[in-house]
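Please open the model in your viewer and keep the selection panel handy. We will go from one stop to the next, choosing something to select each time.

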Amino acid sequence: MKALTLEKLFYQLITRATAVLSLVACSFITSAQENLFSLLDDDEGGPEPVTATFKGSRVILGHSVKTKAKGELEFLITHRFGRLNSGAHNLWGLDNSSVRLGLEYGISDRFNIGIGRSSFDKSFDGFLKYKAVQQMTEGAPVSVVAFTSMAIKTTPRESEDPTIEFKDRVAYTYQVIIGRKFNSNFSFQLAPTIVNRNLVNGLTQENTVFALGMGLRQKLTQSLALNLEYYYRFNEHDNSPSLNSVSIGFDIETGGHVFQLHLTNSIMTIERSFITETEDDFWDGDIHFGFNISRTFQLDK
Amino acid sequence: MKIFTLILALVWLYRPAIAQKYKSQKSTITFFSSAPVEDIDSSNDDASSAFDIETGEVVFSVPINQFEFKKNLMKEHFNEKYMETEKYPKATFAGVISGYDSSASGQQHATAKGNMTIHGVTNNISIDGTLVILGDKVTMESEFIVKLVDYEIEIPQLLWKNIAEEIEVTISFEYKKI
């Protein structure tokens with residue numbers, strides 16, 4: 001009887017020991033899995049392009065460092081209402097509107113072209129945009145984009161003012177846009193800019209204006225971001241009525257669409273206009289509500 | 001008899017020492033999301049895996065930014081909005097495959113149990129699949145469902161018609177003995 005009890009005790013001990021050993025074995029398995037992980041050829045930390053610095057091709061009015069990928073066609077409608085402080089009679093600006101319809105296309109991941117037509121002074125515009133440097137997770141700390149656009153004003157018509165030649169209608173913009181995504185939520189860009197208008201009113205305007213654009217994006221939620229944009233002009237005629245362009249806006253993304261809602265003191269979305277011909281004073285309440293709506297189509301890949 | 005159990009347990013302890021390890025040579029992971037507005041499919045050939053045929057231990061590592069889509073914007077949204085790839089660059093699985101005979105050749109059924117980590121969230125799961133052992137080569141194939149809510153992947157209200165809440169994942173890995 002006694003022997004049997006001892007025997008039982010012995011086997012109980014063995015069973016427990018086995019259990020403990022199994023636990024030890026389990027920890028072996030864990031370390032064995034770590035060993036297995038070490039076998040994997042993870043190209044850990046290979047430099048990758050930093051994406052989604054800005055979600056739209058525009059921060060608000062001006063171009064961002066974003067370029068459309070190859071084969072992407074974007075249809076972009078930008079819309080600006082009248083001044084908020086224009087009174088109830090004008091439904092606080094909603095009675096007036098200025099629209100630009102545009103198409104942008106990615107010839108390659110880095111080279112984009114675009115055309116547009118604005119209702120405000122019946123301008124046609126076209127642009128070329130090239131991403132010379134792409135920010136990488138390791139390596140290039142910034143993205144650098146070279147941008148140039150040409151805008152042709154078609155008012156007044158030739159029949160109304162025969163003295164205006166074609167070249168007088170043209171304005172060129174040259175920009176270098178330097179942008180950096182500092183972290184998943186915050187991006188910032190600087191855009192030194194030259195705008196050259198062939199014909200200006202010499203009493204109040206300079207032909208060539210130098211400016212510096214600043215834009216930032218702060219992500220608020222996965223689909224919502226706050227954008228700010230400011231264009232500072234370095235030179236302007238002493239009698240110029242123009243002011244710096246100030247904009248604040250929100251990006252709302254839904255799949256292939258980006259909705260950008262904003263408040264700005266500029267009426268148009270082409271560089272010549274909003275950089276050099278903004279005459280409304282944001283701080284005095286001359287604010288326009290506006291939106292950009294874009295739809296991207298993938299034509300080929 | 002019980003002594004025999006103890007010996008068996010000890011032998012089992014020693015098994016890692018005589019492990020037969022395999023490493024993936026080729027891999028394909030695809031997923032499919034079917035929703036009212038659009039179907040989304042994507043594939044990734046850059047995942048890697050290692051497998052110990054004696055112990056059944058298996059690990060997988062999947063670089064999230066290597067999933068390719070038919071639209072560039074989908075890839076951008078996938079990485080930026082849903083997977084937060086900058087924060088969570090990889091999905092992993094570490095577990096044990098059981099229910100197969102390592103000495104048998106040909107196709108057999110097996111089950112993998114272990115920890116799947118996606119989007120920084122770990123779940124203990126069990127996945128059924130097939131295993132083919134042919135000499136120095138092993139092939140694994142499986143299809144399973146990933147529920148976005150399990151991995152705290154949020155879909156904005158505006159997009160609920162574009163993205164399914166459950167994603168069908170198909171994997172295929174070819175291993176070679178190392």
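Start by selecting strand 1 and strand 10 of chain B, which pair in the antiparallel sense over ten bridges. Strands here are DSSP runs of E with at least two residues, helices are runs of H or I with at least four, and both are numbered from the N terminus. Two strands pair if DSSP finds at least two bridges between them. Show B:Phe32 as sticks, and look for its bridge partner B:Glu168 in strand 10 of chain B.

Before going further, note that this is a predicted model, in which local features need pLDDT of at least 70 and side-chain atom pairs count only at pLDDT 80 or more, while totals for chains, interfaces and linings use all residues. Residues are numbered from 1 along each chain as its sequence is written, and chains are lettered from A and ligands numbered from 1 in the order in which they are written.

**Around strand 1 of chain B**

Keep strand 1 of chain B selected and add strand 2 of chain B: the two form a hairpin with four residues between them. Their pairing is antiparallel, over six bridges. Here B:Ser33 stands opposite B:Ile40. Now add strand 3 of chain B, which is joined to strand 1 of chain B by three bridges and runs antiparallel to it. B:Lys21 has B:Asp52 as its bridge partner in strand 3.

**Across strands 4, 6 and 7 of chain B**

Next, select strand 4 and strand 6 of chain B, an antiparallel pair joined by seven bridges. B:Phe60 stands opposite B:Phe93 in strand 6. Move on to strand 7 of chain B, which is joined to strand 6 of chain B by seven bridges, again antiparallel. There B:Phe93 stands opposite B:Met116.

**The largest nonpolar core**

Which residues touch the most other members of the largest nonpolar core? Select B:Tyr22, B:Phe51, B:Val58, B:Val59, B:Phe60, B:Val62 and B:Val138, out of 31 residues in that core. A nonpolar core is a set of buried Ala, Val, Leu, Ile, Met, Phe, Trp, Tyr and Cys residues joined through C-beta atoms within 7 Å. A residue is buried if 20 or more other C-beta atoms lie within 10 Å of its own, exposed if 12 or fewer, and partly exposed in between, with C-beta atoms placed from the backbone. The elements of chain B that give two or more residues to this core include strand 1 (21–34), strand 4 (57–63) and strand 9 (137–147).

Centre the view on B:Val62. Leaving aside neighbours within four places in sequence, B:Val62 is in contact (C-beta atoms, placed from the backbone, within 7 Å) with B:Ile29, B:Asn44, B:Ala47, B:Lys90 and B:Ala91. A second, separate core has 21 residues, among them A:Phe147, A:Ala171, A:Ala191 and A:Ile267.

**A loop residue**

Is B:Ile163 buried or exposed? Select B:Ile163 in the loop between strand 9 and strand 10 of chain B. B:Ile163 counts as buried because it has 22 C-beta neighbours inside 10 Å. Beyond its neighbours within four places in sequence, B:Ile163 is in contact with B:Ser33, B:Ala35 and B:Ile155. Try a distance to B:Glu54: the two residues are 109 apart in sequence and 40 Å apart in space, C-alpha to C-alpha.

**Where the chains come together**

Now select helix 2 (residues 72–82) of chain B, whose buried residues are B:Asn72, B:Leu73, B:Met74, B:His77 and B:Lys81. These buried residues pack against strand 1 (72–83) and strand 12 of chain A, together with strand 2 (39–44) and strand 5 (68–69) of chain B. Just after the helix, B:Glu84 takes a positive phi of about 45°.

**Over to chain A**

Finish by selecting chain A, which holds two helices and twelve strands. The twelve strands form a closed barrel that runs 1-2-3-4-5-6-7-8-9-10-11-12, with antiparallel pairing. Strand 11 (residues 257–264) and strand 12 (residues 288–298) of chain A are joined by eight bridges. One place to look is A:His257, whose bridge partner in strand 12 is A:Arg295.

Zoom out for the last view: the C-alpha atoms of chain A fill a box of roughly 125 × 45 × 35 Å, taken along the principal axes. Of the 301 residues of chain A, 37% count as buried.

Methods. Contact = placed C-beta atoms within 7 Å.
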